[in-house]
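Let's walk through this one together, from the inside out. Have the viewer open and follow along.

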Amino acid sequence: MIGNDLIYLPDWPQRQGLRLKRFRAKVFTAKELSLIEEAEQPYFIEALLWSVKEAAYKVWLKATHRPAYNPKNFEVQTELSPSGGSQAKPTEGLVSFEDGSLSPYPFYSTQENDFLATYVLQQTEQPFSESFWRTKQQCILHQARTWKLQKNTLNIPYAIYQNRYLELSLSHDGGLFWYIWFTEPQPLPTQEFFSQTNNHKN
Amino acid sequence: MTEQEIQDQLKTVIEPYVQNQEAFENLTKETQLMEDLEVNSAHLVDIILDLEEAFDVEIDDEAAEKMLTVGAALNIVQELLNAKD
């Protein structure tokens with residue numbers, strides 16, 4: 001399984017004072033708070049950790065079919081550079097699940113210009129591909145020509161391509177759309193997964 | 001506080017974070033915050049913080065986890081207000 005998340009860093013809120021403290025208390029574990037507090041670029045690390053949690057949630061939802069979101073259920077483990085996270089180098093690490101229902105998964109995060117792109121993989125040996133689209137129109141045109149893109153009632157996206165099931169993940173922010181998908185056909189999910197499928201709203 | 005008053009206040013809190021205005025204008029209790037109103041997930045936390053301030057309540061992690069629809073948010077706030085009385 002795969003999950004991704006895209007953050008447009010200029011739009012990442014720089015909360016202040018008591019609100020910042022309350023936000024972080026609701027979102028981050030004690031270990032993550034230490035990472036943020038020790039970083040030279042705390043807002044960047046905050047966005048990075050959030051991005052990993054978002055990508056991990058997508059994997060977790062696919063695995064458990066439980067659409068309840070508590071960011072503190074996902075704990076990010078990584079070693080940051082002395083500067084508190086490099087804007088040039090990718091960051092890697094693991095994300096673990098508080099209830100122990102799943103093993104920790106690796107994550108990979110890179111920054112390009114103003115965008116932070118993160119993905120979490122359950123099956124690291126599976127080849128995958130990705131595409132970025134600058135406009136929603138471009139994105140829709142691509143979908144119509146190649147994929148039959150759908151979401152089930154849990155809002156888990158997937159594609160049917162040449163009568164094959166493709167697992168994918170998508171994220172958009174700052175006007176950019178990012179798709180990432182396994183290039184090899186995946187095993188068909190259970191009938192339950194498909195039973196209440198809706199066409200993708202986009 | 002009546003249910004209508006809570007709903008009006010809830011709408012005021014949510015509005016700045018809504019990206020789908022059409023869905024917001026047709027709001028029902030079944031409306032999903034992230035999928036229908038296209039509220040960014042990071043802003044979902046802001047909505048929880050704003051609700052805590054607006055209603056002077058504390059929304060714990062367990063309650064926040066369930067706050068996926070307008071109806072769920074209304075119920076959670078109502079229960080917390082009732083517990084204060």
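Keep in mind that this is a predicted model. Let's begin in the middle: the largest nonpolar core holds 59 residues, and those with the most contacts inside it are A:V52, A:A56, A:V95 and A:V120. The element that gives this core its largest share is α3(A), with twelve residues. As a general backdrop, nonpolar side chains in soluble globular proteins tend to be buried together.

Pick A:A56 out of that group and look around. Once you set aside its neighbours within four places in sequence, A:A56 is in contact with A:G3, A:F74, A:V95, A:Y105 and A:V120. Two of the names on that list, A:V95 and A:V120, also appear among the core residues with the most contacts.

Now slide over to where the two chains meet. Chain A puts 13 residues into the contact, and chain B puts in eleven residues. On the chain A side, the elements giving two or more residues are α1 (17-27) and α3 (42-64). The largest share there, five residues, belongs to α1(A). What mix of classes does chain A show to chain B? The side that touches chain B has six nonpolar, two polar and five charged residues.

On to chain B itself. It has five helices and zero strands, so to speak a plain α-α-α-α-α when you read along the sequence. How does its radius of gyration sit with that of a compact globule? For 85 residues such a globule would come out near 12 Å, and chain B has 12 Å, which agrees. Along the principal axes, the C-alpha atoms of chain B fill a box of roughly 35 × 25 × 20 Å. Of the 85 residues, 26% are buried. As for how the chain folds back on itself, take the contacts between residues at least 6 apart in sequence: 50% of them join residues at least 24 apart.

The helix to look at here is α5 of chain B, residues 70-84. With 15 residues at 1.5 Å a residue, this helix should span 21 Å, and its end C-alpha atoms are indeed 21 Å apart. Which of its residues are buried? They are B:V70, B:A73, B:I76 and B:V77. Seen down the axis of α5(B), the buried residues fall within an arc of 130°, so they line one face of the helix. That spacing makes sense, because an α-helix has 3.6 residues a turn and residues three or four places apart point the same way. The buried residues of α5(B) pack against α1 (3-14), α3 (41-55) and α4 (61-65) of chain B. Turn to the other side of α5(B) and you'll find B:E79, B:N82 and B:A83 exposed.

Last stop: a couple of loop residues with backbone angles worth a look. B:E38 sits in the loop between α2 (21-25) and α3 of chain B, and its phi is near 60°, a positive value in a residue other than glycine. B:E38 has 17 C-beta neighbours inside 10 Å, so it counts as partly exposed. Further along, B:D56 lies in the loop between α3 and α4 of chain B. B:D56 is another non-glycine residue with a positive phi, near 50°. Is B:D56 buried or exposed? With 10 C-beta neighbours inside 10 Å, B:D56 counts as exposed.

How values were computed
Residues are numbered from 1 along each chain as its sequence is written. Chains are lettered from A and ligands numbered from 1 in the order in which they are written. This is a predicted model: local features need pLDDT of at least 70, side-chain atom pairs count only at pLDDT 80 or more; totals for chains, interfaces and linings use all residues. Helices (H or I, at least four residues) and strands (E, at least two) are DSSP runs, numbered from the N terminus. The radius of gyration is taken over C-alpha atoms; the globule rule is 2.2 Å times the number of residues to the power 0.38. A residue is buried if 20 or more other C-beta atoms lie within 10 Å of its own, exposed if 12 or fewer, and partly exposed in between; C-beta atoms are placed from the backbone. Two residues are in contact if their C-beta atoms, placed from the backbone, lie within 7 Å. Ala, Val, Leu, Ile, Met, Phe, Trp, Tyr, Cys and Pro count as nonpolar, Asp, Glu, Lys and Arg as charged, and the others, Gly among them, as polar. A nonpolar core is a set of buried Ala, Val, Leu, Ile, Met, Phe, Trp, Tyr and Cys residues joined through C-beta atoms within 7 Å. The expected span of a helix is 1.5 Å times one less than its number of residues. The arc is that of the directions from the helix axis to the C-beta atoms.
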